[in-house]
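Here's a quick walk through one chain, from its strands to its surface patches. Have a look at the model first, then read on.

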Amino acid sequence: MSALKSCLVGLSTKEVVTEYALDSETDKLKIVKQKVSEKSIPPNVDLLKLVFNHVTANELEDFNSMTDEELEQEKQKLLKQLKEEDDACRKSKSKS
């Protein structure tokens, strides 16, 4: 469920690239360079279209008449529902 949510809303992730070299004095590996970069992955447009196409015509009209604040509240409500379903799914997996 969290993967679906990530695809719908996008996500940010950190990528760490570490370069090691052998220390001649101690014969152990030591870090020479470490690069940390943050990558932003946008929402999956095709998945958004698929979800949007399953919304009924009445619901679509309701969304068109909403203000930006109402749309933001609806978004937060839906994200909360996704999180609750994801948590419930994780709990059921951990019990089995």
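Two strands count as paired if DSSP finds at least two bridges between them. Helices (H or I, at least four residues) and strands (E, at least two) are DSSP runs, numbered from the N terminus. One caveat up front: this is a predicted model, so local features need pLDDT of at least 70 and side-chain atom pairs count only at pLDDT 80 or more, while totals for chains, interfaces and linings use all residues. Residues are numbered from 1 along each chain as its sequence is written, and side-chain values use heavy atoms, with hydrogens and water left out.

**The overall layout**

The chain has four helices and two strands, and from the N terminus on the order is α-β-β-α-α-α. Of the 96 residues, 8% are buried (buried means under 20% relative accessible area, exposed over 50%, partly exposed in between, using a 1.4 Å probe and protein chains only).

**The hairpin**

Strand 1 (residues 11–22) and strand 2 (residues 29–41) run antiparallel, with twelve bridges between them. One facing pair is K14 and E38, the latter in strand 2. The two strands make a hairpin with six residues between them, and D27 in that turn has a positive phi of about 55 degrees.

**Surface patches**

Patches take residues with over 30% relative accessible area and no salt bridge, joining like charges within 9 Å and nonpolar side chains (Val, Leu, Ile, Met, Phe, Trp, Tyr) within 5 Å. The areas are Shrake-Rupley values with a 1.4 Å probe, and for residues only the protein chains shown count as cover. A salt bridge here is a side-chain nitrogen of Lys or Arg within 4 Å of a carboxyl oxygen of Asp or Glu.

Y20, L22, L29 and I31 make a nonpolar surface patch of about 470 Å², and each of the two strands, strand 1 and strand 2, supplies at least two of its residues.

A patch of negative charge gathers D68, E69, E70 and E72 on the surface. Asp and Glu count as negative, Lys and Arg as positive, with His and the chain ends not counted; each charge is placed at NZ of Lys, CZ of Arg, CG of Asp or CD of Glu.

**Three residues side by side**

| Residue | Element | Relative accessible area |
|---|---|---|
| L22 | strand 1 | 58%, exposed |
| D68 | helix 4 (residues 68–95) | 64%, exposed |
| L48 | helix 2 (residues 45–53) | 35%, partly exposed |

L48 also has a long-range link: L48 and C7 are 41 residues apart in sequence and 8.5 Å apart in space, C-alpha to C-alpha.
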